[in-house]
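Biologist: I'm new to this one and would like a close look at a single part of it, the open sheet. Could you walk me through that sheet strand by strand, and then show me what sits around it?

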Amino acid sequence: VSKFNELTMAPPDPILGVSEAFRADTHEMKLNLGVGAYRTEDLQPYVLDVVKKAENLMLERGENKEYLPIEGLAAFNKATAELLFGAESVVLQQQRVATVQGLSGTGSLRLAAVLIERYFPGAKVLISAPTWGNHKNIFNDAGVPWSEYRYYDPKTVGLDFDGMISDIKAAPAGSFVLLHGCAHNPTGIDPTPEQWEVIADVIQEKNHIPFFDVAYQGFASGSLDEDASSVRLFADRGMELLVAQSYSKNLGLYSERIGAINVVCSSSEVAQRVKSQLKRIARPMYSNPPIHGARIVANVVGSPDLFNEWKEEMAVMAGRIKSVRKKLYDSITEKEKTSKDWSFILKQIGMFSFTGLNKAQSENMTSKWHVYMTKDGRISLAGLSAAKCDYLADAIIDSYH
Ligand code: PLP
């Protein structure tokens with residue numbers, strides 16, 4: 001008998017498990033709309049040209065594989081903070097930001113979660129209902145208590161703004177409020193600029209600490225600056241805040257695990273102390289981060305030519321997603337003769353569309369139509385081609401009825 005006999009079988013991951021089921025399906029119309037990874041019109045993975053060029057630069061320069069410092073590659077940390085806050089931002093000029101390279105978005109969120117657990121004992125993190133499934137795992141495993149604030153309104157397939165505001169107001173003062181910087185996952189529903197102002201007001205009134213998760217900068221609108229405007233609005237108010245960043249989507253560096261945690265502090269002296277503690281958390285966890293993705297980002301941002309090319313490629317990716325979004329909407333409204341309002345599809349932003357399909361309906365999408373998606377009704381439009389919009393429209397309409 002095994003010494004591991006007490007261990008039961010863990011359930012498959014709700015997102016990554018979808019890809020496993022997809023691979024096992026042999027139907028020719030099958031579609032993988034589960035995981036949020038960009039695909040070309042031929043539904044193939046895509047390596048950006050700028051990434052290949054940045055990798056070539058590395059080879060040409062004969063760069064070595066020495067350990068990075070615990071906080072990561074200096075050129076990356078500088079570039080990532082500047083992309084986020086803007087190179088001319090006051091918080092950077094005043095050196096008030098503690099930036100530490102992390103293992104992509106997930107690892108950066110985890111560093112912050114441990115920081116919260118260690119130095120804000122008992123403080124709660126407020127997360128949107130619904131949110132990206134891994135958020136709960138991350139805070140649970142770090143031992144950080146969390147609760148949900150209202151976000152999605154099933155009646156309108158839109159934002160429950162009043163619910164959101166009253167839940168943030170009702171939370172104990174000094175809570176952390178997790179916000180998706182842009183392209184909310186899974187709903188694709190973002191607050192308007194005016195609503196962001198009100199959210200910032202309430203957070204300030206309640207002495208809460210905003211904690212942004214920015215996994216889609218530049219990928220949502222096609223513009224790096226526009227997609228960072230929520231974070232900048234808060235930073236410009238002089239608030240202290242946390243921001244986790246990921247380069248999985250906007251540079252297509254999924255498996256390189258490159259991202260960062262940024263903590264905006266009230267002074268540069270505080271930022272130095274915070275940074276030292278983040279390093280102290282990282283050291284026994286993974287010692288120091290991987291260099292490859294960090295160099296790619298630093299090389300792309302550090303060369304004006306590559307930087308411009310990146311922006312162009314990002315606009316193409318964001319544009320392809322917008323165009324299948326529109327095509328899907330057109331297909332559905334052409335076929336569906338009831339008065340149901342499908343305009344929410346067009347209003348949503350980013351990689352995902354929240355269809356409003358419930359669990360049983362989502363299951364019908366998979367069992368009958370070979371469309372693989374998460375059971376919350378989310379579809380990744382990045383996995384959809386123009387050629388398959390019609391088929392997907394049939395599947396959605398059938399599953400609704
Ligand atoms: N946060 C959100 C909202 C996401 O959607 C994702 C990826 O799907 C991540 C964070 C982190 O992804 P990664 O760890 O690959 O950077």
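Modeller: Let's start with a term: two strands count as paired if DSSP finds at least two bridges between them. Keep in mind that this is a predicted model.

With that in hand, here is the sheet. Seven strands make up an open sheet, in the order E2-E10-E9-E8-E7-E3-E4, and the pairing is mixed. At its edges are strand E2 (97-103) and strand E4 (146-150), each of which pairs on one side only. Going from strand to neighbouring strand in this sheet, the average turn is 25°, direction ignored.

Now let's walk in from the E2 edge. E2 and strand E10 (residues 258-264) run antiparallel and are joined by seven bridges. If you want a spot to click on, Gln-101 stands opposite Ala-260 in E10. On the next step, E10 and E9 are also antiparallel, with six bridges between them. Ala-260 turns up again here, as the bridge partner in E10 of Gln-245. One step further, the sense changes: strand E8 (residues 209-214) pairs with E9 in the parallel sense, over four bridges. Look for Phe-211 there, whose bridge partner in E9 is Leu-242.

Strand E9 (residues 241-246) deserves a pause. Six of its six residues are buried, so the strand is mostly covered. In a regular strand, side chains alternate between the two faces of the sheet. In E9, Leu-241, Val-243 and Gln-245 point one way, Leu-242, Ala-244 and Ser-246 point the other way, and all of them are buried.

Ser-246 also takes us to the ligand. The shell around the ligand holds 13 residues, and the closest are Ser-104, Gly-105, Thr-106, Ser-246 and Ser-248. Which helix gives the most to that shell? Helix H5 (residues 104-119) does, with three residues. Sorted by class, the shell has nine polar residues, three nonpolar ones and one charged one.

While you are at H5, find Gly-107, which belongs to that helix. Gly-107 has 22 C-beta neighbours inside 10 Å, and 20 or more is the mark for buried, so Gly-107 counts as buried. Leaving out residues up to four places away in sequence, Gly-107 touches Gly-102, Arg-257 and Gly-259. For a sense of scale, try Leu-159: that residue is 52 residues from Gly-107 in sequence and 28 Å away in space, C-alpha to C-alpha.

Next, the loops that follow two of the other sheet strands. Between strand E7 (176-180) and helix H8 (193-205) there is a loop that holds Pro-186. The peptide bond leading into this proline, from Asn-185 to Pro-186, is cis, with omega near 15°. Ala-183 is in the loop between E7 and H8 too. Ala-183 has a positive phi of about 55° although it is not a glycine. Is Ala-183 buried or exposed? Ala-183 is buried, with 26 C-beta neighbours inside 10 Å.

The loop between strand E3 (125-129) and helix H6 (134-142) holds Pro-130. The peptide bond from Ala-129 to Pro-130 is cis as well, with omega near 0°.

For a contrast with Ala-183, look at Ser-287, in the loop between helix H11 (268-286) and helix H12 (292-302). Ser-287 has a positive phi too, near 75°, in a residue other than glycine. Ser-287, though, is exposed: 10 other C-beta atoms lie within 10 Å.

Finally, zoom out. The protein has 16 helices and 13 strands in total. Its radius of gyration is 21 Å, close to the 21 Å from the globule rule for 401 residues, so the protein is as compact as a globular protein of that length. The C-alpha trace spans about 60 × 60 × 55 Å along the principal axes. Of the 401 residues, 47% are buried. And if you take contacts between residues at least 6 apart in sequence, 75% of them join residues at least 24 apart.

Key. Residues are numbered from 1 along each chain as its sequence is written. This is a predicted model: local features need pLDDT of at least 70, side-chain atom pairs count only at pLDDT 80 or more; totals for chains, interfaces and linings use all residues. The radius of gyration is taken over C-alpha atoms; the globule rule is 2.2 Å times the number of residues to the power 0.38. A residue is buried if 20 or more other C-beta atoms lie within 10 Å of its own, exposed if 12 or fewer, and partly exposed in between; C-beta atoms are placed from the backbone. Two residues are in contact if their C-beta atoms, placed from the backbone, lie within 7 Å. A residue is near a molecule or strand if its C-beta atom, placed from the backbone, lies within 6 Å of it. Ala, Val, Leu, Ile, Met, Phe, Trp, Tyr, Cys and Pro count as nonpolar, Asp, Glu, Lys and Arg as charged, and the others, Gly among them, as polar. Axes are lines fitted to C-alpha atoms, for helices over the stretch in contact, and angles run from 0 to 180 degrees between N-to-C directions.
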